[in-house]
Structure formats: structure tokens, C-alpha cells
Amino acid sequence: MVDAQKKVWRDGELIDWQAATVPLMTHSLHYGVAVWDGIRAYQRADGSSQVFRLRAHLERLFDSCRLCFLKPKVTLEQLTEACLETLRVNGLKDGYLRPMVYVGEGAMGVYAPDNPIHTVVLAWRWAAHLGAGAATSGIRAKISSFARHHPNVGLTRAKMTGQYANSSLARAEAKHAGYDEAILLDVQGFVSEASGSNVFLVRKGVLYTPDLASSILEGITRDTVIALSRERGFTVAEGRITRDQLWTADEVFLTGTAAELVPVREIDNRAIGDGGVGPITAELQALFAHVTRGPDTAHEHWWTVV
Ligand code: PMP
């Protein structure tokens with residue numbers, strides 16, 4: 001349950017959280033063409049509040065808009081300021097930001113190029129995405145019966161609301177079968193991603209992750225983990241991955257803004273490695289925490305002070 005906050009930023013104004021509702025004829029509500037991004041602000045070791053990789057997230061949001069023919073009325077610079085303002089006004093030093101661009105009321109056919117385009121920024125506190133013990137004990141995952149989007153059916157690069165029906169159904173299926181999370185394959189049967197995070201495996205000291213042609217969202221945490229792993233001296237290979245590579249991996253973990261780094265201890269009732277949190281996963285979790293919460297100072301270009 002998300003706690004109500006004070007204010008929401010909408011089209012240049014701060015409005016009360018409770019008043020920030022949408023009319024039932026909102027076009028995006030009916031057809032699923034709206035885009036958003038998910039960003040985290042951290043209260044760091046020095047006490048400051050900073051947003052992690054804000055520009056990369058907002059660039060991805062504008063790319064998502066372009067892919068969906070949405071023309072936001074704000075610039076990237078204005079939206080940057082809106083994100084910071086939303087955190088400040090809600091007193092969130094540590095929180096999750098969700099800028100969203102959606103199509104408002106007007107024409108009701110699927111093609112409605114003249115309907116107004118609205119931009120909002122929501123912010124709230126978000127605890128561990130996959131449950132309290134996920135980061136320390138790992139989770140149990142299931143290969144989903146739902147495939148990830150085919151590039152000619154949906155948009156693999158856009159963080160579009162409608163695409164999350166696929167995530168939502170896959171997650172529900174996994175939960176109903178007694179697992180914590182779903183890992184989806186692409187339509188050709190290669191590993192793609194989890195319902196809201198990217199997948200990595202470790203085998204004989206090398207990290208592997210599906211490439212951008214495997215119907216994945218180009219995760220910013222994925223990019224961060226690749227960069228930190230390489231800085232640390234690990235080899236990271238991006239490519240096609242089969243599900244039996246996951247089953248025989250020494251370690252598997254998921255990455256995402258909300259999830260951060262979550263170890264996967266079991267997939268389809270097969271223990272991964274010795275069924276605990278692997279040493280490289282644990283090291284990368286610690287490195288990620290060192291960078292995000294501090295006291296790391298080597299990646300200042302990733303930060304925007306609130
Ligand atoms: N894949 C999907 C489907 C997601 O929803 C997310 C979360 N935004 C990710 C991957 C991870 O992306 P990021 O690390 O940028 O949050």
C-alpha cells in the first residue's frame with residue numbers, strides 16, 4: 001500500500017495528492033498508451049538527498065514518448081526540476097519518483113492525435129519491491145508461460161503502460177503457483193527479463209545478461225551493474241541466454257530501480273548454485289549499496305542533488 005503524499009506535480013502545477021484524479025474518459029485509461037519511468041532518490045551517507053541517474057531515466061521517458069507518438073509539453077530540463085520539486089514538497093529524502101505522460105480526454109477512437117497530453121510526477125516511499133527478505137535470502141522464480149513482447153507486436157524499448165499487462169499476468173501466474181516472481185522468455189524461447197526487472201546469471205566467475213535484442217527493457221540498473229562489474233574487473237557478456245543456462249548457473253539475480261539487486265535462489269524448483277545468495281551477487285549488492293547510499297564518491301556524474 002502506498003501512503004498518500006502531500007502533492008503531485010501536474011502540467012506545471014503542484015496539486016493536492018487527493019485531488020490528483022483522472023476523468024473516466026481519459027484516453028490512456030482505455031487503450032494503454034501512456035509512458036512512465038521509475039526513479040529512486042536516496043538519502044546518502046553524508047545526509048544529502050540525491051536522485052540516481054535522473055537524466056538517463058528522463059531520456060528513456062522521452063524516448064518512450066517518441067516511440068508512442070506522444071509529445072509532452074515539457075522539456076527534459078523542466079521535468080528534471082519537476083521531479084526535484086515533487087520530492088522536496090513531499091519531504092521525501094529517500095523515495096521513488098514516477099513521471100508519467102498520458103493522453104487525456106477528447107476523441108475516443110484508438111487514434112486520437114489531438115487529445116491533450118498531460119505530464120505528471122508522483123513520488124512516494126517504496127519499500128523492498130519483492131518483499132522484505134528478498135535481498136538477503138533470495139527469491140523463488142518460475143519461467144512464465146507468457147512470452148515477453150515480440151518487437152513487431154509491442155514496443156520493447158518503451159516503458160508503456162499497456163505493456164505492463166504482460167508483466168502483471170506473468171507475475172500473477174507465478175504468485176498463484178507459489179513462486180515470488182516470473183522470468184519471461186522472448187517469443188523465440190530465449191531468456192528475456194522478469195516482470196519488472198532484468199536478469200543476470202553468473203557462471204564460472206563470468207556475468208551474462210540478455211542482450212537488447214532479447215525483448216528486454218534497457219534497464220538503467222542493468223547498465224549500472226554492468227558498469228560496476230566491469231570496473232571491479234568482472235567480464236560481462238550480453239547475448240542470448242537459454243533457460244537451461246539459468247538452471248545450471250552458479251548464481252542468478254535480478255536488477256531494477258524498485259528491486260535494486262535481488263538474488264534468485266531457485267528457478268522452477270531447481271536450486272541455483274547452493275540455493276543461497278552467491279558470493280558475486282553479494283559482492284555486487286554491497287557495491288551497489290556503497291554507490292547508491294554512499295559513501296562512494298567515484299560516480300558523481302550519476303547524481304542530482306535534491
Ligand atoms: N524490465 C522491466 C519490464 C521493468 O519494468 C523494469 C523496471 N523499470 C526493468 C526491466 C528495470 O529497469 P530499471 O533498472 O531502469 O529500473
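Here are a few friendly questions and answers about a predicted model, its ligand and one buried threonine.

In this predicted model, local features need pLDDT of at least 70 and side-chain atom pairs pLDDT 80 or more, while totals for chains, interfaces and linings use all residues. Residues are numbered from 1 along each chain as its sequence is written, and side-chain values use heavy atoms, leaving out hydrogens and water.

Reader: How much of the ligand does the protein bury?
Author: Let's start with a contact: a polar side-chain atom of Thr 221 lies 2.6 Å from an oxygen atom of the ligand. Taken alone, the ligand exposes 390 Å² (Shrake-Rupley method, 1.4 Å probe). Of that area, the protein buries 95%.

Reader: Which side chain has an N or O atom 2.5 Å from a nitrogen atom of the ligand?
Author: Several residues come nearest to the ligand, including Tyr 164, Glu 193 and Thr 257. For Arg 60, a polar side-chain atom lies 2.8 Å from a ligand oxygen. The 2.5 Å pair with the ligand nitrogen belongs to Lys 159.

Reader: How many charged residues does the shell around the ligand have?
Author: Charged here means Asp, Glu, Lys and Arg; Ala, Val, Leu, Ile, Met, Phe, Trp, Tyr, Cys and Pro count as nonpolar, and the others, Gly among them, as polar. The shell has three nonpolar and 10 polar residues. Its charged residues number four.

Reader: Is Thr 119 buried or exposed?
Author: Thr 119 touches Trp 9, Pro 72 and Met 100, among others (heavy atoms within 4.5 Å). Its relative accessible area is 1%. Under 20% counts as buried and over 50% as exposed, with partly exposed in between (1.4 Å probe, protein chains only), so Thr 119 is buried.

Note on methods. A residue is near a molecule or strand if one of its heavy atoms lies within 4 Å of it. A polar contact is a pair of N or O atoms within 3.5 Å; within protein, one must be able to donate a hydrogen and the other to accept it, and residues adjacent in sequence count only if both atoms are side-chain atoms. Lists of a residue's contacts leave out its neighbours within four places in sequence.
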